[in-house]
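Good morning, and thank you for joining this meeting. Please look at the model on the screen while I walk through some of its details.

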Amino acid sequence: MTMRGRILTSPPVTVLLVALAWLAVVPLFNIEPRYLPPLGDVYAEAVKLWPDLLAGFWRTFLETFIGFIAGALIGIGFGTAFAYVRLLERAFFPIFVALQSVPVIAFGAIVVIWFGNTILAKVVIALYLAFFPVAVNTLRGLSGVNPGRAALLSSFGASNWQSFLMLALPSAAPVIMTGLKLGISLSLAGAIVGEWFGDTVGLGVLLLQALYFEQVTRVWVLIIACGLLGALLYGALSLIERRYVWWQFD
Amino acid sequence: MSSEGIQNGGMAARSKASVIPPHLQLVNVWKRFGSEPNRTVAVSNVDLSIAPGEFVTLIGPSGCGKSTLFNMIAGLLPPDSDGSILLSGQPQPDGALLGKIAFMPQKDLLFPWRTVLDNATLALEVEGMSRRKARAKAESLFPEFGLMGFERHYPHELSGGMRQRVALMRTFLFERDLILLDEPFGALDALTRAMMQRWLLDIWERHKRTVLFITHDIDEAIFLGDKVMVMTARPGTIKQTETIALPRPRDASVITSPDFMEIKRRLLASVEEESMKTFALSRDAADRKTMS
Amino acid sequence: MSSEGIQNGGMAARSKASVIPPHLQLVNVWKRFGSEPNRTVAVSNVDLSIAPGEFVTLIGPSGCGKSTLFNMIAGLLPPDSDGSILLSGQPQPDGALLGKIAFMPQKDLLFPWRTVLDNATLALEVEGMSRRKARAKAESLFPEFGLMGFERHYPHELSGGMRQRVALMRTFLFERDLILLDEPFGALDALTRAMMQRWLLDIWERHKRTVLFITHDIDEAIFLGDKVMVMTARPGTIKQTETIALPRPRDASVITSPDFMEIKRRLLASVEEESMKTFALSRDAADRKTMS
Amino acid sequence: MAIRLNGLRTALPVGLALAGLLLAWEAAVRLFGVPAFVLPGPSGILVTIAEKSNILSAGLLVTLTEVAGGFAIGTFIGVALAIVLVLVPPLELMAIPLVIAINSVPSVAFVPLVLLWFGLGMASKIALAAFAVAIVVLLNTLQGLKRPESEAINLLRSFGASRFGILFRLRLPAAMPFLVTGLRVGLARSTIVVIVAEMMGGYGGLGQVIYQATAMMDSLTVWAGVVVASMASLGLYGLLVALDRKLVWWR
Amino acid sequence: AEKVSVRLKWVAQAQFAGIYVAKAKGFYEAAGLDVTVNPGGPNINAATLVASGSDTFGVVSGTEGMLNARASDLPLVCIAMSQQKTPYAYVTYDDSGINSVKDFKGKSVATWFTGTQYTLFSVLAHEGIPQSDVQIVSQPFSMQPFIDRQYQVATVTLYNELNTLREQGINNIKLFRPDDSGVTTQQDAIVTSERMIKEKPEIVQSFLNATLKGWKYAFQHKAEAVDIVLAAGSGLERKHQELMLDEIENLMTAGVAKTEGLGAIDMASIEKVQASLIKFGGLKGPVDLKATFDQSFWNKVPADDKKL
Ligand SMILES: Nc1ncnc2c1ncn2[C@@H]1O[C@H](COP(=O)(O)OP(=O)(O)OP(=O)(O)O)[C@@H](O)[C@H]1O
Ligand SMILES: Nc1ncnc2c1ncn2[C@@H]1O[C@H](COP(=O)(O)OP(=O)(O)OP(=O)(O)O)[C@@H](O)[C@H]1O
Ligand SMILES: Cc1ncc(C[n+]2csc(CCO)c2C)c(N)n1
Ligand SMILES: [Mg+2]
Ligand SMILES: [Mg+2]
């Protein structure tokens with residue numbers, strides 16, 4: 001059972017199974033290409049699109065990555081400030097929760113006015129979306145530090161800075177990680193949609209064009225590419241988590 | 001009756017104190033939480049005095065204020081202004097005690113992201129010792145604490161008894177003459193616990209520090225202590241101080257000796273009275289809660 | 001030495017069994033986990049026999065297989081095929097025991113989303129009793145269990161002792177003649193624990209069920225039991241069965257009586273030997289771990 | 001009295017901060033003469049909200065219907081699938097990697113396809129929201145359903161409970177906090193995807209209002225739409241927090 | 001070289017061939033300009049980007065869009081018009097029972113709400129149909145809903161969507177052209193901001209000269225122009241772009257362009273459009289046409305660069 005389980009759950013096997021199912025299902029049920037094009041067509045389209053696909057993948061990755069890192073750093077900064085300055089939290093945290101609900105994607109057009117047509121506009125959208133989950137989770141993690149441990153450190157005569165570095169940050173790290181994992185997928189969505197506000201390269205651009213020129217097969221290629229990028233980013237974070245932040249928050 | 005107990009305990013401590021100053025002395029220490037009408041008096045009117053090198057155990061029912069008292073002695077909570085804490089005869093203003101006393105809290109509170117070794121050196125690091133030096137110093141204690149070979153393990157890989165020994169090692173490495181141990185063996189099963197007690201006495205006899213030790217377990221209190229202090233139900237105060245004249249070094253057989261039995265019988269009666277009170281108190285509280 | 005103990009225990013049980021069939025009988029019960037080379041033998045060659053209405057306590061070092069044994073008796077784990085479990089003389093095939101025995105696990109396992117009352121009626125609900133009827137039945141037990149007024153509270157509002165009483169009430173409401181209690185008081189402090197023990201005896205004397213009770217605490221085992229069984233370190237087997245002839249009803253003073261002391265001394269020696277073995281075992285395991 | 005004072009104490013800092021921010025915004029816009037198409041002042045936006053209240057409320061109604069519908073359907077599907085998977089462990093082994101793979105595709109990437117499949121009406125937005133919600137709810141609920149320790153499951157088994165008994169008495173209640181977390185993440189994703197889908201093609205909704213206003217260079221209406229959308233999504237968030245308290249009352 | 005940018009109204013495609021050719025062939029460079037071409041998309045407003053100064057120039061909207069922009073106080077100036085005929089048409093299936101624009105009554109008609117809706121409004125006004133009699137819906141940038149018959153009438157551009165439909169084998173359709181209803185609007189205005197005109201008129205002039213030169217070259221070397229476009233946009237289909245360029249040539253060389261040259265602004269048609277917009281309420285009042293459509297730059301473009 002466990003042996004079989006391990007084989008069944010390994011990613012390559014899943015990919016293979018899905019591919020086989022795809023191959024079988026399209027002719028079997030005579031599915032129209034607009035619902036699901038044959039896998040062969042999708043593959044051919046991917047090959048045709050290859051250089052653009054690669055360039056787009058890299059560009060979208062860059063936007064997501066820079067936006068995410070910036071958003072994470074700022075988020076951790078604000079979360080920390082909120083955790084340590086009660087008044088700041090009481091005054092601004094509710095406003096932040098409200099701002100989190102602002103659909104930036106809806107006024108990407110204006111973001112482009114503000115930040116120009118550079119990569120910056122997409123980065124800012126990705127940043128904005130990643131920022132909130134990270135800030136909220138940082139606050140949650142830091143304010144959930146076990147008071148017993150904090151007391152222990154102060155009984156050793158630790159300074160606030162020592163307590164922060166030795167205790168608060170590591171004990172909040174698992175919660176912050178959760179925030180980061182939420183943030184990265186939002187960042188990717190932000191980067192893709194951000195590209196719809198005028199750009200030349202990127203998975204989002206290709207997606208938009210594919211729709212404009214009614215190329216359903218290409219939409220599938222792009223969905224798979226987006227999924228791959230998403231899995232890559234999320235997987236990298238999970239790996240970092242498993243490696244460096246394996247303990248539990250209590 | 002209970003006020004008499006305090007008088008006696010206080011007197012005895014004071015007369016001893018006149019020869020060499022007591023290592024730790026508490027004079028009329030109170031701690032009140034909140035303000036009327038929700039005031040909780042956690043600790044009331046505690047006077048006590050501990051000589052250098054003494055091993056004093058403190059028992060009392062759950063919630064009677066033992067941990068609160070420890071927090072004050074460790075400098076984590078200021079006592080109310082009507083009392084004072086003296087260390088080797090010196091009164092200690094608020095905040096002055098932090099960093100002066102080795103304190104081991106009720107739970108082991110190991111840091112899960114640090115290895116056993118790095119948990120042990122925590123206090124040394126806070127004091128600013130270099131990591132290399134701190135580790136070298138800690139490593140030399142590992143055999144004695146029965147933790148050889150576990151230096152690079154993480155706390156979650158240890159059994160309860162081992163975790164407790166790591167926490168103790170951490171406390172011992174923070175080299176202060178006065179050690180406060182808040183129920184260090186509370187989470188252990190009875191058999192492991194018995195072994196740890198004997199081991200602790202062994203360590204103590206070799207390091208000769210002053211120890212103040214909280215427990216719920218009368219056997220443990222008698223087995224370990226030079227003196228056993230009994231606290232009353234909340235508001236906690238010292239009700240009785242029993243000097244344990246059992247010879248040292250003590251081993252397991254002491255527990256079944258008639259002298260031990262005699263002391264235990266006396267303390268049991270005293271403690272039980274207090275336990276009953278807490279029981280009644282908690283019931284009252286619940287009643288009040290359900291009514292409101 | 002230890003095989004002798006088993007023989008004696010087994011013989012005694014069997015001779016009793018010929019008069020009225022024993023309530024519970026285990027014959028050559030084994031439990032092995034995993035397959036070679038990672039096989040763990042948790043329980044080996046256990047023979048025991050409990051008469052109806054008897055209160056049997058089981059002690060043994062941590063990890064010796066006590067909970068595994070209980071899981072088998074409760075029907076949660078099938079014993080290895082070379083042994084069998086008999087209930088009132090009837091052999092029980094796999095799965096047949098589920099629902100026949102009232103089992104209280106090591107943790108209280110109260111459901112935080114249920115009120116105290118609804119936690120107590122859990123087993124009745126599973127049996128299909130209507131909610132109204134189940135509640136009525138449970139409510140009548142509240143005074144006896146010292147939980148009056150707490151019916152609508154949630155578990156997190158209770159103290160440890162109260163939670164444990166709710167778990168016990170849940171077990172008692174699942175009206176089966178055989179009750180398995182796995183260290184019910186393990187998480188309580190010594191004082192609360194002492195009170196709970198007396199209370200449990202009181203309840204037991206009134207309800208007269210057959211009880212099999214796991215503990216780590218020798219005092220507890222002697223104070224409560226008609227018989228104390230000692231398990232060896234892993235692979236756990238019954239090493240010794242001690243009949244406790246102390247008169248009932250027992251009260252706190254029994255603990256300090258010479259008879260009690262005598263039994264305790266005997267058991268202590270036996271248990272300590274096993275504890276030392278586990279200690280050594282765990283060290284071996286750790287050594288092997290660090291080496292690999 | 002005490003409660004009112006407490007309320008005031010929490011409201012006061014936020015109120016002051018909010019007022020300060022809005023004033024600074026208005027002042028900056030006026031002082032530097034920022035044109036409306038770059039950034040209008042809050043007063044202008046407020047006035048526009050009032051003026052265009054019928055377009056906005058019509059759009060809001062559509063968007064809310066879509067989000068709510070998607071939420072309901074997505075939650076149902078997510079929970080149902082999670083239950084099936086927990087009851088049939090081999091299925092879970094096979095399905096989970098697939099679900100995780102699908103989960104890593106940002107849901108906005110599906111917008112074009114879903115518009116093709118379900119048309120421009122509300123159905124496509126509901127489908128997208130349902131999809132976004134179902135995936136997170138499935139993963140979270142599954143995690144919650146598997147949360148109970150084996151000891152608790154064994155306790156119920158010892159009472160003679162069946163799989164379903166264990167599911168309803170133990171697994172489902174234990175999964176509630178996880179479900180709520182899933183809903184919270186789902187809310188963020190579904191509002192984004194619904195608004196984006198409305199912009200890409202729709203007969204109504206706030207996304208379409210914002211889209212048309214963008215095209216018509218009517219930046220005040222763009223901002224009015226954005227503010228209304230934010231308020232609505234904040235309201236939904238509040239609703240979820242309340243639901244959290246209701247579903248997970250025992251914490 | 002002066003760094004400037006030009007914002008397009010849509011994604012890179014042959015619709016903007018002249019711009020890409022001017023850049024690729026070095027016409028801009030020769031004019032002392034370092035031009036970045038920024039594509040547009042469905043969700044951004046190119047006009048706003050130029051007005052705000054984010055982009056220096058733009059190929060945005062058309063007659064109605066310019067009027068609307070000025071009515072919204074955007075400091076935007078049109079310096080040339082690319083397409084001389086209305087590039088839009090309304091399509092319906094042969095079996096829809098719709099035989100003229102008059103039959104739109106009671107039907108659902110989709111059009112782009114990105115300014116294009118005003119053309120529809122004008123057409124309806126000219127045909128004497130009240131807007132409220134027609135169910136007008138916002139058309140997405142995909143034709144699929146029309147293919148699925150989610151509405152009876154859809155809007156197409158002659159250079160793109162119409163070809164898309166044909167490529168998908170949909171030929172059972174008929175077309176209604178605004179010009180046939182007497183509505184002619186110019187599209188793809190080449191614009192810049194008032195500030196540029198005031199501060200750097202010479203840059204504006206250079207840009208316009210090079211752009212029109214690019215267009216002329218594109219029409220003279222179509223295959224090369226398509227190559228250049230394909231290199232600029234990712235994943236474009238050659239065949240589709242060739243068809244697009246053909247149609248764009250039709251549109252850009254019609255009307256006044258035939259006599260006066262590429263990019264000419266047809267003030268007469270603009271006045272007519274403005275009058276009809278005001279008539280049905282699409283515009284509150286007349287705007288300053290002189291300021292909106294500045295012909296002075298176009299007039300100074302060397303004939304060689306613009307005359308066909
Ligand atoms: N910060 C606080 N505010 C209000 N009440 C407090 C506070 N800290 C402790 N108390 C109360 O003071 C009383 C004493 O608590 P304390 O933890 O000192 O008891 P304890 O004797 O250590 O109990 P235990 O044996 O269970 O550890 C308790 O009733 C507790 O609820
Ligand atoms: N499912 C299992 N698979 C493998 N090993 C197991 C399993 N369950 C228990 N064990 C092992 O069997 C041994 C006995 O475990 P058990 O829980 O019965 O001990 P115990 O006597 O109840 O200990 P404690 O006093 O700590 O509760 C342990 O070494 C444990 O690791
Ligand atoms: C939402 C949307 N708006 C416009 C178009 C068509 N389109 C592309 S470029 C352009 C300008 C023509 O001069 C037009 C009208 C579309 N497909 N989708
Ligand atoms: Mg305490
Ligand atoms: Mg156990």
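I begin with Ser61(E), which is buried, with a relative accessible area of 15%. Buried here means under 20% relative accessible area, exposed means over 50%, and partly exposed is in between, using a 1.4 Å probe and protein chains only. Ser61(E) sits in strand β3 (residues 57-62) of chain E; helices (H or I, at least four residues) and strands (E, at least two) are DSSP runs, numbered from the N terminus. Although Ser61(E) is not a glycine, its phi is positive, at about 35°.

Before going further, I should state that this is a predicted model, in which local features need pLDDT of at least 70 and side-chain atom pairs count only at pLDDT 80 or more, while totals for chains, interfaces and linings use all residues. Residues are numbered from 1 along each chain as its sequence is written, chains are lettered from A and ligands numbered from 1 in the order in which they are written, and side-chain values use heavy atoms, with hydrogens and water left out.

A positive phi also occurs in chain C: Asn45(C), a residue other than glycine, has a phi near 50°. Asn45(C) belongs to strand β2 (residues 40-50) of chain C. Is Asn45(C) buried or partly exposed? With a relative accessible area of 28%, Asn45(C) is partly exposed.

Let us turn to ligand 2. Which residues surround ligand 2? The shell consists of Phe33(C), Ala42(C), Ser62(C), Gly63(C), Cys64(C), Gly65(C), Lys66(C), Ser67(C), Thr68(C), Gln106(C), His216(C) and Arg234(C), where a residue counts as near if one of its heavy atoms lies within 4 Å. Helix α2 (residues 66-73) of chain C gives the most to this shell, with 3 residues. By class, the shell around ligand 2 has 3 nonpolar, 7 polar and 2 charged residues. In this scheme Ala, Val, Leu, Ile, Met, Phe, Trp, Tyr, Cys and Pro count as nonpolar, Asp, Glu, Lys and Arg as charged, and the others, Gly among them, as polar.

Several polar contacts, meaning pairs of N or O atoms within 3.5 Å, involve ligand 2. A polar side-chain atom of Ser67(C) is 2.7 Å from an oxygen atom of ligand 2, and an N or O atom in the side chain of Gln106(C) is 2.9 Å from an oxygen atom of the ligand. For Cys64(C), a polar backbone atom lies 3.2 Å from a ligand oxygen. Ligand 2 exposes 640 Å² when taken alone, and the protein buries 63% of that; these accessible areas come from the Shrake-Rupley method with a 1.4 Å probe.

Ser67(C) and Gln106(C) appear again at the magnesium ion, ligand 5. They are its protein donors, through OG of Ser67(C) and OE1 of Gln106(C), at 1.9 to 2.5 Å. Donors are N, O and S atoms within 2.8 Å of the metal (3.2 Å for Na, K and Ca), and sites may look incomplete because water is not among the atoms. Ser67(C) lies in helix α2 of chain C and Gln106(C) in the loop between β6 (102-104) and α3 (116-120), so the pair ties together parts that are 39 residues apart in sequence. Ser67(C) counts as partly exposed at 25% relative accessibility, and Gln106(C) is partly exposed at 39%.

In chain B, I turn to ligand 1. The residues around ligand 1 include Phe33(B), Ser67(B), Gln106(B) and Arg234(B). An oxygen atom of ligand 1 is 2.8 Å from a polar backbone atom of Gly63(B), and another contact places a ligand oxygen 2.7 Å from a side-chain N or O atom of Ser67(B). The protein buries 63% of the 640 Å² that ligand 1 exposes when taken alone. Helix α2 (residues 66-73) of chain B supplies the largest share of this shell, 3 residues.

Also in chain B, the peptide bond from Arg248(B) to Pro249(B) is cis, with omega near -10°. Pro249(B) lies in the loop between β10 (238-243) and α9 (258-291).

Finally, the chains themselves. Among the 6 pairs of chains that touch, chains A and D have the most contacts, a contact being heavy atoms within 4.5 Å. Chains A and C do not touch, and their nearest C-alpha atoms are 12 Å apart.

Note on methods. Polar contact = N/O pair within 3.5 Å; in protein donor to acceptor, adjacent residues only side chain to side chain.
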